[in-house]
Amino acid sequence: MSVIDEVKLKLDIVQVVSEYVKLQKAGRNYKSVCPFHSEKDPSFFVFPDRQSWHCFGACGTGGDIFSFIMKKEGVDFGQALRLLAAKAGVALIEQTSPKREAESRERESLFEINEAAAAYFHHLLLNTSSAANAMNYITGRGISTDTIKEFQIGYAPEGWDTIKQFLQGKGCPEAELLIAGLLVEGENKKSYDRFRNRLMFPIRNIQGKVTGFGGRALDDSLPKYLNSPQTPVFDKSGSLYGIDRAKTYIRQQDRAVIVEGYMDVLAAHQYGYKNVVASMGTAMSDKQLAILKGLTRNLVLALDADTAGEDAVSRSGEMVDKMLPVPPSFYGWIKYEDAHKAEVKILILPPGKDPDEVIMEDSARWPKIIADAKPMVDFIFESAVAKLNPESARDKSTVVEKLLPLLNEMKDPIRQAHYLERLSRLLKVDEHVLSDTLRKFKATERKRRGAASVKSSSIASPMVASSSPLEQYCLALLFQYPELKVDCKELTSEHFVNTENRELFDKWQLCNNPALLKDNLDVSLLEHLNKLISREFPSVLTENESVRRETMQECVVRLEERRLRNLESQKQELLAIEAAIGGTAGQLAKLEEGLEIPKQLRDIFIKQNNRHRQIKSEG
Ligand SMILES: [Zn+2]
């Protein structure tokens with residue numbers, strides 16, 4: 001038995017959860033107001049039979065004791081395991097390999113170096129006269145001393161070896177300072193301070209550890225903003241500035257506001273708007289989204305008026321890349337919203353203003369601007385139509401051409417209908433004409449996609465009886481053929497019931513590379529991972545890419561079917577109990593909201609049937 005199983009066997013989820021949440025009995029199960037979002041009526045349930053929990057309210061998510069602890073304590077899987085093992089009295093044999101141990105020591109030591117550097121830069125800003133310029137700059141932007149202290153803002157002086165001498169004096173080897181990115185190696189191998197005469201922003205991960213720095217030039221130096229390079233602990237595209245301080249508020253308010261810059265975060269937090277983080281000037285990455293996904297599904301992206309004024313949808317139907325702090329493409333966002341039942345809104349800033357300026361001028365205006373944020377699709381629609389000449393038929397066709405692919409991407413038929421109607425009003429074109437055009441477009445698309453997927457006569461079907469073999473089959477396939485990721489974009493951690501599989505899947509989403517996966521994984525999961533990586537597949541699959549893709553798509557459908565079935569049976573059970581104990585009408589209504597599940601299941605059957613029919617006719 002694995003230590004994970006042993007921990008699960010020894011601990012009862014009801015007991016573990018009640019240490020954090022006041023549970024109330026509801027039939028065989030327990031309920032409470034959800035600890036992860038704010039609500040009045042309980043929609044958070046614990047199921048002792050399944051040893052699982054689920055929030056049927058705004059979170060719509062659930063899991064086992066591990067996921068509960070990870071979410072509640074804000075820790076990673078390994079830390080949750082240690083915490084729970086201690087509770088269960090299960091001894092963890094640290095089967096660490098020397099390599100892993102060395103790596104984790106290196107990471108810890110880099111965190112310590114960064115921490116010491118941050119404290120020193122901060123000390124210099126507050127206490128030295130050479131920092132006067134830096135101090136004038138930041139206070140001139142309206143930032144208070146309290147905020148400077150809260151975010152440990154610092155100053156890196158003009159010299160070439162200030163931080164080098166300080167940290168070497170504390171016994172840090174030069175080699176480590178180079179790895180940490182605090183030093184740069186010049187010609188003839190001589191190293192010097194990377195950050196000179198800059199205002200320093202320590203960047204922390206969600207657990208509050210300093211991973212790297214952003215430094216703003218105080219003179220004409222370029223770049224204006226200089227970041228730490230990629231290090232074993234710093235990955236710019238996986239960082240969100242302010243996340244350590246914002247996480248609690250994002251969860252409480254069930255919304256994250258994403259701005260571009262450090263100063264915007266400081267200003268927002270200073271005025272009590274603490275659910276604000278910065279993407280640090282990059283387009284939002286999958287990694288950043290994965291961090292936020294654990295906290296909320298409601299994202300508001302702040303966009304300055306200049307960018308927003310530009311044509312939001314380019315000729316190819318994709319959103320202009322310049323449109324920061326977003327997006328790989330508009331399709332990407334629609335899919336993200338669909339896959340995670342998320343809502344992405346766009347906040348348009350007043351012309352020529354950054355968020356920090358808006359807040360500093362009149363902080364009461366900020367909540368109003370947030371309230372005016374538009375759902376992304378509305379925003380796209382309006383900006384596509386804004387440049388339209390209402391008298392020009394040609395213009396109208398162009399807009400329809402641009403927007404149809406987006407409509408086609410929407411999975412929810414109600415959402416699609418809503419926007420079809422909207423478009424009809426905006427363009428003053430009959431709705432029937434538009435829906436006809438969309439139908440034709442769909443048909444062409446289907447043909448195109450059908451043709452693209454190569455014919456296959458036999459499918460190596462993952463015919464599996466119980467739940468976790470299916471999960472394992474899917475993961476094994478994915479780990480051995482990483483390119484299949486495109487076929488399982490719809491999968492979320494909710495599709496994995498088994499603790500180990502779920503953690504593997506989550507970690508995989510972040511790194512996407514078997515070698516990296518190993519490095520980032522808790523040792524307790526290595527054996528399981530190795531089993532999956534070495535699993536053998538039949539030659540019909542190994543030799544044929546299209547078979548692999550079909551098989552993966554089949555896996556995804558089955559996992560989704562199972563997820564919906566589980567959800568449905570939980571809901572039915574709760575409804576029965578609530579009815580029996582005379583639950584309030586409000587609670588029942590809330591649970592019933594979710595009963596569109598049978599419809600979703602029906603859609604899956606239709607999809608499966610179509611697929612089988614298609615395969616038959618092709619074969
Ligand atoms: Zn909840």
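Donors are N, O and S atoms within 2.8 Å of the metal. The model shown in these views is predicted.

**View 1. Four residues hold the zinc ion.** The donors are Cys34 (SG), His37 (ND1), Cys55 (SG) and Cys59 (SG). They sit at 2.0 to 2.3 Å from the zinc ion. The angles among the four donor atoms run from 100 to 115°, and the site is tetrahedral. Along the sequence, the donor residues follow the spacing C-x2-H-x17-C-x3-C.

**View 2. Cys34 and Cys55 tie parts of the chain together at the zinc ion.** Cys34 lies in the loop between β2 (29-32) and β3 (44-47). Cys55 belongs to strand β4 (residues 52-55). The two parts are 21 residues apart in sequence, so the pair links them. Cys34 is buried, at 6% relative accessible area. Cys55 is buried too, at 0%.

**View 3. Cys474 and Cys555 do not form a disulfide.** A disulfide is a covalent bond between the sulfur atoms of two cysteines. The whole structure has zero disulfides. The cysteine sulfur closest to that of Cys474 belongs to Cys555, 4.8 Å away. That is too far for a bond, because a disulfide needs sulfur atoms within 2.5 Å. Cys488 is in no disulfide either: its nearest cysteine sulfur, in Cys474, is 5.9 Å away. Cys474 is buried, with a relative accessible area of 0%. Cys488 is buried at 5%.

**View 4. Asp487 and Arg549 form a salt bridge.** Side chains of opposite charge can pair when their charged atoms come close. Here the N to O distance is 2.8 Å. The pair links distant parts of the chain, 62 residues apart. Asp487 lies in the loop between α21 (467-480) and α22 (499-511), and Arg549 in helix α26 (residues 545-580). Asp487 is buried, at 11% relative accessible area. Arg549 is partly exposed, at 32%.

**View 5. Lys507 and Glu503 pair within helix α22.** Their salt bridge has its closest N and O atoms 2.9 Å apart. The two residues are four apart, about one turn of the helix. Lys507 counts as buried at 17% relative accessibility. Glu503 also counts as buried, at 6%.

**View 6. Shared partners build a salt-bridge network.** Lys374, Asp378, Glu382 and Arg422 join into one network. In one of its links, Lys374 meets Glu382 at 2.9 Å, N to O. Lys374 is partly exposed, at 34% relative accessibility. Glu382 is partly exposed as well, at 27%. The structure holds 24 salt bridges.

Key: Residues numbered from 1 in each chain as written. Predicted model: local features only at pLDDT ≥ 70, side-chain atom pairs only at ≥ 80, totals over all residues. Heavy atoms only, no water. Buried < 20%, exposed > 50% of the residue type's maximum accessible area, 1.4 Å probe, protein only. Donors = N, O, S within 2.8 Å, 3.2 Å for Na, K, Ca; no water. Tetrahedral: all angles 85-135°; square planar, octahedral: opposite > 155°, others 65-115°. Salt bridge = Lys/Arg side-chain N within 4 Å of Asp/Glu carboxyl O.
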